[in-house]
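Visitor: Could you take me in for a close look at one part of this model, the biggest enclosed space inside it? I'd like to hear what surrounds it and how the neighbouring pieces fit together.

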Amino acid sequence: RTSAQPRVDAQALRDVGPVLVGLVPFAMIIGLSMSEARVAVPAGVIGSALLFSGSAQLAAVSLMTAGAGLGTVLVSVLIINSRFLLYGGALEGRFRNQPDWFGWLGPHFLVDQNFVLASARPDLRDPARFRIYWLTTAAAMSAVWLGSIGATMAIGPIVPHDLPLSFAPIAVLIGVLVPKLRRASARRAALAATIGAILGSVFAPEAVLLIGVCSGIAVELLEGGRGR
């Protein structure tokens with residue numbers, strides 16, 4: 001008889017730790033943006049939980065604040081989140097043979113950070129092992145993400161408007177990539193992601209995280225192709 005599966009994966013908590021540090025400043029930007037848009041704290045936290053995509057949420061809030069129409073906001077969110085189709089395809093095998101409830105709930109937490117963490121662990125082939133790992137990282141990120149957003153919205157009216165938080169998306173990238181910098185190929189991917197994020201902050205601030213992540217993934221895929 002096999003022993004019961006643990007409810008919390010200790011390795012997942014160790015892996016997600018650096019990511020949580022990078023999430024805080026990015027969540028603060030989201031919270032401040034919604035505070036400036038006069039969104040109520042409960043509505044902001046609930047909306048953040050339902051959307052669960054920082055880059056798309058920041059773009060949506062920015063567009064709504066600028067007076068953009070609903071159609072423009074929805075199209076922008078769809079374009080920004082289209083990368084999750086690729087992520088989902090890459091992780092399809094991990095979600096196969098899972099309970100029905102996890103098949104509906106698990107994909108909601110598919111974000112850049114969870115994708116990178118899960119993809120970096122070839123030991124998650126067992127469905128139950130993957131499920132516990134995924135839910136542990138998702139719960140940790142949700143708690144930090146939503147807690148930081150709610151706290152920032154609550155204190156938003158007293159926070160200086162010129163608070164320098166534009167580095168937040170790059171901080172998220174650093175939190176994701178630091179655990180993978182043991183390999184030379186990972187260091188090159190991290191460098192590409194950083195350069196992409198810096199260029200994105202100049203030319204496309206609303207998509208800086210997407211540009212940085214895609215730059216790093218592209219280099220990683222090229223490295224993998226050469227190694228075959």
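Guide: Sure, with one bit of vocabulary up front: a helix here is a DSSP run of H or I with at least four residues, and helices are numbered from the N terminus. Keep in mind too that this is a predicted model.

Now for the space itself. The structure has two cavities of 30 Å³ or more, and the largest comes out at about 160 Å³. Its lining is made of 14 residues, and those closest to the centre are Leu23, Ser53, Gly54, Val111 and Gln113. Sort the lining by class and you get eight nonpolar residues, four polar ones and two charged ones.

Which helices each supply at least two residues of that lining? They are H1 (10–36), H3 (54–65), H5 (83–90), H8 (112–119) and H9 (127–155). Three of these also turn up in the helix packing, so let's follow them outwards.

Start with H3, which packs against H4 (residues 70–81) at an angle of about 160°, the axes being 9 Å apart. Because of that angle, H3 counts as roughly antiparallel to H4. Their crossing is right-handed. On the H3 side, the contact uses Ser55, Ala56, Ala59, Ala60, Leu63 and Met64, while H4 brings Thr72, Val73, Ser76, Val77, Ile80 and Asn81. That contact has eight nonpolar and four polar residues, with no charged ones.

Then there's the pairing of H8 and H9, both of them contributors to the cavity lining. These two pack at about 145°, with 11 Å between their axes, and their crossing is right-handed as well. From H8 come Gln113, Asn114, Leu117 and Ala118, and they meet Phe130, Tyr133, Trp134, Thr137, Ala138 and Met141 of H9. Seven residues of this contact are nonpolar, three are polar and none is charged.

If you want one residue to click on, try Gln113: it belongs to the group closest to the cavity centre, and it also takes part in the contact of H8 with H9.

How values were computed:
Residues are numbered from 1 along each chain as its sequence is written. This is a predicted model: local features need pLDDT of at least 70, side-chain atom pairs count only at pLDDT 80 or more; totals for chains, interfaces and linings use all residues. Side-chain values use heavy atoms; hydrogens and water are left out. On a 1 Å grid over the protein atoms alone, a cavity is a set of points where a 1.4 Å probe fits but cannot get out, and a pocket is an open set with protein on both sides within 12 Å along at least five of seven lines; lining residues have an atom within 4 Å of a point. Grid points are joined across faces, edges and corners, and a volume is the space filled by probe spheres set on the points. Ala, Val, Leu, Ile, Met, Phe, Trp, Tyr, Cys and Pro count as nonpolar, Asp, Glu, Lys and Arg as charged, and the others, Gly among them, as polar. Axes are lines fitted to C-alpha atoms, for helices over the stretch in contact, and angles run from 0 to 180 degrees between N-to-C directions. Angles under 35 degrees count as roughly parallel, over 145 as roughly antiparallel, 65 to 115 as roughly perpendicular and the rest as oblique. A crossing is left-handed if the near helix is turned anticlockwise from the far one by less than a right angle, and right-handed if clockwise. Contact means heavy atoms within 4.5 Å.
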